[in-house]
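Welcome! Let us take a guided walk through this protein, stopping at a few places along the way.

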Amino acid sequence: MDNCYIFKISHFKRITKGCCAVFLFLLPAISFSQLMNNGALIMNSNNMFVINANVFHQNDGSTDGSIANAGDFFIRGNWVNDNLSGNVFAAGYSGWVHLDDTAQSIAGNTITHFNNLELAGTGTKKLIGIDTEIEDTLALNNLEFDAGSKTVFVLASGTGVVTQTTGFVSSINDGGLSRNTLSTGTYFFPVGSNMGTSRFRPVDITPNTATANTFKVRMANVDATADGYDRALKETTIGAVNPNFYHRISSTNTAESADITLYYDEPTDGKYDMMAQWKNEWKNVGLLTTTANYGLSGLTKYAHADFNTTPFALAEVVPGVFVANVFSPNGDGSNDILHVLGKGIEELQFVIYDRWGEKVFETSNVNTGWDGTFRGKPMNIGVFVYFVKGKFNNGETIDKNGNVTLLR
């Protein structure tokens, strides 16, 4: 069956197709050249409808004009919703809309609340001047969903309701991908951009409590300085802030803590050691752990609880080493251990000799220091010579030596 004509509904009409889902794969899809719904209630019971052009919902609000969709709508044109009576799709149905052509858009005067939405076909799918909502699953596949300055809202709180292979949500200004959370599972935000240099730089957010919250993420594919977050304004512990992109992460419950992982492509972007957050300048968010996923490197900040300012950026630690020139291993809990202190140390050899040239201490662990003993016995007061060699994680070498005085 291939009925290529304009399917125009101008008064109340109920359309049902009673065949069960398994037979849909055996029978041809019902095909229309265009769908213009001016107010009727459409019932799709497990059928497959193919709309070979644009879909228009142009309801003045006097009638329902909604679609009870338990099947599939494959759209081969643009989607325009001017349905003033409310949602296009009735709540509580598990049907899908598949944007199944090239370079399609979602537009109109009213937000469309999709039950499930899939990006199919080819090309970029765009929001034109309006947000959109997905009740359950957003399937990006390998395509870009360009939100512009608007927001893609995924309302279901399950962790696995946003899926993709290589696809992502891109946005500018205050746009982004918003997800509701209600568990301590990891919520995936596949964000990126094809503006200028193409980048897929996702974010994982793991709430620390199973409370209702909403997080919104945007990957800003620009130098943060261009958006007013000057990379030159930073704490002294920060070396260089990533000049290529940064992330905007916000939360409706700013007091709730969550683990945040920012991902980056180390061969392309360089290696980073820390995460910085903008508060009139770039501030070090604290101790991080490294991870890897999605074929990318990542940095995780655990239990982050400050979402009052949203810009986050990858940054480098200022490389450097420091060894005290005096220490007192007398057991008073103050200055008892001689450490190599520094930032960005990747490789280390720390060796100490007494005044006769005998080696009394050696370590390759930056967290291990000398307690002033040799062969299990306390050393006498005196002057010792140290040598520090190694490498910073930016590739620079370490070669430092000096004297340290042991006091009791």
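**A walk through the model**

Our starting point is Phe 384, which lies in strand β42 (residues 382-392); strands (E, at least two residues) are DSSP runs, numbered from the N terminus. Before going on, please keep in mind that this is a predicted model, in which local features need pLDDT of at least 70 and side-chain atom pairs count only at pLDDT 80 or more, while totals for chains, interfaces and linings use all residues. Residues are numbered from 1 along each chain as its sequence is written, and side-chain values use heavy atoms, with hydrogens and water left out.

Is Phe 384 buried or exposed? Phe 384 is buried, because its relative accessible area is 4%, and buried means under 20%, exposed over 50% and partly exposed in between (1.4 Å probe, protein chains only). Leaving out residues up to four places away in sequence, Phe 384 touches several others, among them Ile 352, Tyr 353, Trp 370, Met 379 and Leu 406; a contact here means heavy atoms within 4.5 Å. Lys 359 is 25 residues from Phe 384 along the chain, and their C-alpha atoms are separated by 9.9 Å.

Phe 384 also helps to line the second largest pocket, together with Asp 354, Arg 355, Trp 356, Met 379, Asn 380, Ile 381, Gly 382 and Val 383. How is such a space found? Rolling a probe the size of a water molecule over the atoms shows where empty space is left. On a 1 Å grid over the protein atoms alone, a pocket is an open set of points where a 1.4 Å probe fits, with protein on both sides within 12 Å along at least five of seven lines, and lining residues have an atom within 4 Å of a point. This pocket holds about 150 Å³ of space, where the volume is the space filled by probe spheres set on the points, which are joined across faces, edges and corners. Its lining has five nonpolar, two polar and two charged residues; Ala, Val, Leu, Ile, Met, Phe, Trp, Tyr, Cys and Pro count as nonpolar, Asp, Glu, Lys and Arg as charged, and the others, Gly among them, as polar.

Next come the charged pairs. How many salt bridges does a search of the whole structure find? There are 12, each a side-chain nitrogen of Lys or Arg within 4 Å of a carboxyl oxygen of Asp or Glu. In one of them, Asp 174 pairs with Arg 248, with the closest N and O atoms 3.5 Å apart. This pair links distant parts of the chain, 74 residues apart: Asp 174 is in the loop between β20 (168-170) and β21 (176-181), and Arg 248 is in strand β28 (residues 246-251). Asp 174 counts as exposed because its relative accessibility is 58%, whereas Arg 248, at 17%, is buried. Both belong to a network of salt bridges that also includes Asp 227.

Another salt bridge joins Asp 306 and Lys 279 (2.6 Å, N to O).

Finally, look at the backbone of two alanines. Ala 103 has a positive phi of about 45° although it is not a glycine, and Ala 303 has one of about 55°. Ala 103 lies in the loop between β10 (96-99) and β11 (105-108) and counts as exposed at 56% relative accessibility. Ala 303 is found in strand β33 (residues 296-304) and is partly exposed, at 43%.

Methods: Helix = DSSP H or I, 4+ residues; strand = E, 2+ residues; numbered from the N terminus.
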